[in-house]
Amino acid sequence: MDIKQVISQMTLEEKASLLSGLDFWHTKPVERLGIPSVMVSDGPHGLRKQDQTGDHLGINDSIKAVCYPTACATAASFDRDLLRQIGEGVGDACQHEQVAVDLGPAVNIKRSPLCGRNFEYFSEDPYLTAQLSTSLIKGVQSRNIGVSVKHFAANSQEHRRMSSDSVVDERTLREIYFPAFESAVKEGKAWTVMCSYNRLNGEHASQNRKLLTEVLRDEWGFDGYVVSDWGAVSDRPKGVHAGLDLEMPASGGINDRRVVEAVRAGQLDEKDVDLAVERILTIHQRYLDNAKPDTVWDKEAQHKQARQMAAECMVLLKNEDGILPVKAGETLAVIGKFAKEPRYQGGGSSHINSFKVESLLDALEGVPGITYAQGYDIVSEEPDEELIAQAVEAAKDAQKAVIVAGLPDSFESEGYDRSHMRIPNCQVELIRRVAQVNPNTIVVLYNGSPVEMPWLDSAKAVVEAYLGGQAVGGATKLVLFGDVNPCGKLPESFPLRLEHNPSYLTYGGEGNTVVYNEGVFVGYRYYDRKQMDVLFPFGYGLSYTSFEYSNLTVSADAIKDTDTLTVTVDVTNTGKVFGKEVVQLYVSDRESTVFRPVRELKGFEKVALAPGETKTVAFSLAKRAFAYWNEDLHDWHVETGVFDIQICRSSRDVALSRAVTVESTVELPAHFTLDSIFMDLVKNKKASQVLKPIFEAMSSSFVGNDEEVSDVAKSAISDEMNAAMMLNMPLRGIISFGGGQISREQLEAMLDTINNG
Ligand code: BGC
């Protein structure tokens with residue numbers, strides 16, 4: 001179809017009609033021109049296709065589908081292939097079900113453990129989020145199904161989600177909140193982007209031209225269409241001009257008419273309308289040209305895949321005395337409602353109608369020596385003495401007790417934020433009481449976001465399983481029994497207490513205003529800089545085997561910021577069983593004129609190793625790995641200096657480190673004035689050259705060689721003080737202290753040479 005040609009045949013009304021949905025999930029057709037309606041559906045970790053009544057809250061049933069592990073879990077895999085496979089699976093389901101666009105992944109950053117939607121998001125770290133979500137995108141789109149990477153941008157809370165205004169400085173946006181979207185566009189070639197509900201720096205995301213056109217298209221080269229989050233549109237004509245192409249769901253024709261009126265009144269250029277139509281039709285045509293409704297959607301095969309994946313996402317947080325894995329023949333008391341009815345996904349628009357669910361008890365069927373007690377209920381937080389007593393009885397008689405605990409649905413969901421970081425009281429009490437009678441107590445957690453663990457001492461082992469999808473029970477068994485060696489790492493810090501979180505003081509905002517005043521210091525970037533104890537750091541996770549690192553090499557000791565550095569490191573499985581290790585590479589800037597985190601994740605690889613086996617892992621580091629966002633340059637910038645390349649076991653545990661000097665090839669623009677101080681001037685090459693004679697002459701002049709200055713006075717002024725006085729002095733100080741030797745005109749001429757010469 002020649003799309004431009006078709007558009008030229010449309011009336012303004014027809015074009016405007018294409019800019020909003022037909023209903024909840026379909027776009028409008030234009031039958032006379034052969035333009036069909038297409039369908040879009042949620043969501044990131046499985047298909048939520050609603051055949052009947054549509055809603056965006058996960059209320060009405062959708063077709064039976066496969067629920068893969070949710071993003072909070074898959075992020076812990078640190079495994080790009082795993083995400084790609086989920087994408088392929090969801091893509092196949094979409095092809096089978098004739099859904100053109102899958103509304104995901106959701107790549108917002110976990111600013112606080114409280115965000116109700118954290119289970120749908122990946123990480124507190126932008127690099128990890130970007131790498132994993134882009135793999136998922138590639139997987140979905142390899143099936144010629146579009147993704148809709150969401151929610152653009154800075155949408156890290158549910159409270160007042162349709163009205164809040166995220167106030168975020170440019171550097172923080174670029175370094176923390178944008179990278180996953182940037183990668184989705186540049187590397188993932190995302191077909192569509194979904195704008196968020198919130199405002200960003202005062203303007204609705206749905207009509208934010210800076211966001212939707214200047215950054216997304218002009219800078220990153222996005223060539224797909226932008227769809228509104230469901231109901232995010234405020235001023236539709238303004239949105240069309242800003243770059244919001246498709247409004248969802250239908251607005252009953254109201255906003256279409258406003259678009260027509262705005263064009264007729266000369267307030268909106270018809271070319272903007274044409275462009276939006278062209279983008280929408282181009283993407284849908286890509287799907288239509290490649291539609292394969294006969295694609296096989298093998299749900300049973302995907303279920304098995306989901307089980308293995310969930311196991312490889314689990315994070316072993318504690319394993320005292322090697323209590324795990326459970327040995328064959330050991331008797332086990334399996335305790336907890338979630339062992340029978342697992343919580344494996346979150347509530348809201350991503351909610352999948354799973355075609356089957358596998359609990360831990362299902363998976364243990366036929367295994368001898370298992371007893372079960374419910375232990376707690378999820379209706380009330382209050383401990384139920386009868387349920388606890390049954391659990392204690394079961395635990396007394398078993399060699400080990402496995403308590404499956406976690407967060408009930410009501411504790412975290414799309415639509416609202418959590419108010420605290422605790423698991424229900426009844427579960428805390430249960431863990432304590434069971435541990436009193438059975439010291440071999442193991443806790444498995446099903447939750448979408450970090451929890452406080454005042455009960456940690458009661459448990460000999462803790463497995464963080466997150467929300468692991470419909471096969472989570474089978475996966476739990478695989479890990480508990482050692483059929484899968486745990487190899488997940490925490491994609492977020494677990495603070496000791498909620499109050500330690502950097503956004504704690506202002507999370508949720510005042511009224512609609514939410515100031516992201518911790519800036520780039522999100523998650524481990526904050527805890528590490530503050531040297532605060534955490535419960536478990538970012539990147540942490542144990543294994544049933546052990547790994548050693550050796551031979552860290554760098555391709556050069558000194559590079560320019562235009563070069564690429566190759567880093568290699570050997571990793572050896574020094575234990576007795578097969579295992580996978582996540583090799584994490586962080587970069588640390590030793591000295592910087594801007595505030596920077598201690599270290600930042602810039603590379604990771606997951607490697608599989610047999611006992612005794614060694615593999616060499618290689619990383620490539622380009623400019624971005626060393627850079628920060630410079631607001632004057634409006635670009636990434638590397639400051640000349642020494643950087644440490646660190647191979648770590650977590651953000652807190654450096655195994656090996658090598659120093660590399662990186663030289664900047666970019667001179668920061670000079671905007672010096674007479675008020676600029678020497679401290680800044682001497683850092684600029686040109687300024688140092690021009691001002692060198694003055695600087696030398698002046699350095700000693702605060703004490704002066706003046707005979708009249710007494711020795712007592714001289715000794716009272718230290719060299720440090722002298723230097724500090726000089727460095728803090730503005731250029732105009734030469735007039736005040738230079739004894740009239742240099743005129744204002746001369747200084748101005750020097751400035752002109754520095755700034756323009
Ligand atoms: C959510 C989106 C979702 C949409 C459609 C919205 O409420 O924020 O993530 O894709 O509904 O269900």
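A polar contact here is a pair of N or O atoms within 3.5 Å. That cut-off applies to the ligand contacts below, which come from a predicted model.

**The ligand site**

The ligand is surrounded by 15 residues. D42, R117, H151, Y197 and D229 are the closest. By character, the shell holds seven charged residues, five nonpolar and three polar.

Three side chains place a polar atom by an oxygen atom of the ligand. The table gives each distance.

| Side chain | Distance to a ligand oxygen atom |
|---|---|
| R48 | 3.4 Å |
| K150 | 2.9 Å |
| H151 | 2.8 Å |

At 3.4 Å, the R48 pair falls within the 3.5 Å limit, so it counts as a polar contact. H151 appears twice in this picture: it is among the closest residues, and its side chain has a polar atom 2.8 Å from a ligand oxygen. How much of the ligand does the protein bury? Taken alone, the ligand exposes 310 Å², and the protein buries 100% of that.

**A five-stranded sheet**

Elsewhere in the model, five strands form an open sheet. Their order is β21-β29-β28-β23-β24, and the pairing is mixed. Strands β21 (558-560) and β24 (600-609) are the edges, each pairing on one side only. From one strand to the next, the twist averages 30°.

Inside that order, β28 sits next to β29. Strand β28 covers residues 641-650, and β29 covers residues 653-663. The two run antiparallel and pair over nine bridges. Which residue of β29 is the bridge partner of D644? That partner is A659.

How values were computed
Residues are numbered from 1 along each chain as its sequence is written. This is a predicted model: local features need pLDDT of at least 70, side-chain atom pairs count only at pLDDT 80 or more; totals for chains, interfaces and linings use all residues. Side-chain values use heavy atoms; hydrogens and water are left out. Two strands pair if DSSP finds at least two bridges between them. Helices (H or I, at least four residues) and strands (E, at least two) are DSSP runs, numbered from the N terminus. Axes are lines fitted to C-alpha atoms, for helices over the stretch in contact, and angles run from 0 to 180 degrees between N-to-C directions. A residue is near a molecule or strand if one of its heavy atoms lies within 4 Å of it. A polar contact is a pair of N or O atoms within 3.5 Å; within protein, one must be able to donate a hydrogen and the other to accept it, and residues adjacent in sequence count only if both atoms are side-chain atoms. Accessible areas come from the Shrake-Rupley method with a 1.4 Å probe; for residues, only the protein chains shown count as cover. Ala, Val, Leu, Ile, Met, Phe, Trp, Tyr, Cys and Pro count as nonpolar, Asp, Glu, Lys and Arg as charged, and the others, Gly among them, as polar.
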